[in-house]
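Biologist: Please take a close look at one part of this model with me, and go slowly, as I am new to this.

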Amino acid sequence: MTTSNPTGPLPASAPHPNPDDAPFWEAAAEDRLVLPRCTSCGTFIWYPRTFCPECRKIGVDWVEASGRGVVYSFTVTHRGAGPWAEHAPYVIAYVELDEGPRVMTNIVDVDPDRVRIGDRVTAVFQPAGDTKVLRFRPGG
Amino acid sequence: MVHGMTIRGKAYIVGVYEHPGRELPDLNIPQIHAEVASGALADAGLGFGDVDAYLCAGDAPGFGPLSMIEYMGLKCSYVDSTETGGSSYVCHVGHAASAIAAGKCQVALITLAGKPRTGGGQPGAARGPGGPESNFEFSWGLSGPVGGYALAAQRHMHEFGTTSAQLAEIKVAASLHAQHNPNAFLRRPVTVDEVLDSPIVSSPLHRQDCCVVTDGGGALVVVSPEVARDLPRRGAKILGHGEAPKHTDNGRIDLTHTGAVWSGPRALEEAGISLGDIDYVSIYDSFTITVLMTLEDLGFCEKGRGGDFVRDGTLVAPHGKLPFNTDGGGLCNNHPANRGGMTKVLEAVRQLRGEAHPAVQVPDCTIAMAHGTGGNLATRMGSATLVLGTEDA
């Protein structure tokens, strides 16, 4: 089977955790997906931050998420830049988490030609600097 | 909108200039800004000493407007550096008209310049590092903006059955126009099959679904009715303007709509016209999908029916149902600084003046629309719509 990472794991830029998103990265380093949920109105917030764009209050709880979702859209990139060049073709996608938010990511461990909108996918964490980034593989 | 507080007829675009170059290795970016400023002021019959307002966006080097006002020796009572990517310059026209209507200034100069083709240029700030969202968008191998537009195209195809052949019709129409533009970067007409046979860059978008990468620039001069009255050349009357940033809405990303759903109606309401009154449209065409979704969102066809709408030469000047981008657009003519809003306004003014190439001049062109798109399609983006008319419109 052709996979999207014939030359090893996709590159990953090291994130720069900051006071808005540090708990996300601490959990990701342990292969756990946590989402910020507004302490006031209970809405999940994406991208992770401590300000709720729904009720405009400050303050969140970090909640363990399922790590499962479906592909909302995807593109098979045939021309990567820099360290990505040797990994083309690879899949960039938006995954709709079962908790609601649609997040930008890669679909890995998959034949790029077989990815479809609506596919069920499961979180996989891959090293990036001192933490890991959230990607997805088929299944779940 | 508050009644009485409109820009309708309060300002005119009286000078336009598009740099003829598409590869400018021997000029720096400030020089290009100054050249296009000179050109637009000469077109208007004005000089640098007449300018009392300056507007620019993120392509302006150094300290932006402060650096360029100094470089050109301007004396300004009004400055605006609104930065919404490629839509910025369409916003600027509305902002200049608002400032003129409020009595803040009389002669506003707007410039754009960049060198993405031969280097030394800013790539555009649509997805810069350091944003609060950056940690969640930088690790996925996006190579320029094409990936984000491809994601939107894929979703549009999924929801509405849009096809690559339908998207290709947009490129074909642009190429038919570009053959008449001696300055166009790509002048050869192409067929649907040629677009489909070009390599996939980021599925479902082919190489020929993408705009050109060119050096260059453009400038506009916007003035009060009192100034316009005494000038030798006719200008374009500003009838209405609308703008609307769109964002990811707390993870409820909707890849099938752009901010044009809001900016378009605002511009039409201010202009006091309906879509059926429009003789010509400039639609930002960074990619073919940008045009298709914008046409739907502006209301020229039902959402999801853009693929049918663009078939059968709808967009082809001069006799299509809705002639568009008669300079060849960003897809074939020019996309200076990777920002297409400026060239959209330039060609709309040419059409209203009757100065488009005779082969693509829309007969009796009285009302034109120019629409700009900036940033990442449907996710974090700027949209701006301008309605222009002839002087007696």
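Biologist: I would like to focus on chain B: how far apart are the mean positions of its 29 positive and 41 negative charges?

Modeller: Happy to help! This is a predicted model, where local features need pLDDT of at least 70 and side-chain atom pairs count only at pLDDT 80 or more, while totals for chains, interfaces and linings use all residues. Residues are numbered from 1 along each chain as written, chains are lettered from A and ligands numbered from 1 in written order, and side-chain values use heavy atoms, without hydrogens and water.

Now to your charges: in chain B, the two mean positions lie 1 Å apart. Lys and Arg count as positive, Asp and Glu as negative, with His and the chain ends not counted; each charge is placed at NZ of Lys, CZ of Arg, CG of Asp or CD of Glu.

Next, the overall form. The C-alpha atoms of chain B fill a box of roughly 55 × 45 × 45 Å along the principal axes. The radius of gyration of chain B is 19 Å, which agrees with the value near 21 Å for a compact globule of 393 residues (taken over C-alpha atoms; the rule is 2.2 Å times the number of residues to the power 0.38).

Inside, chain B has twelve helices and eleven strands (DSSP runs: H or I, at least four residues, for helices; E, at least two, for strands). Of the contacts (heavy atoms within 4.5 Å) between residues at least 6 apart in sequence, 76% join residues at least 24 apart.

Finally, 63% of the 393 residues are buried, meaning under 20% relative accessible area with a 1.4 Å probe, protein chains only.

Note on methods
Buried means under 20% relative accessible area, exposed over 50%, partly exposed in between (1.4 Å probe, protein chains only).
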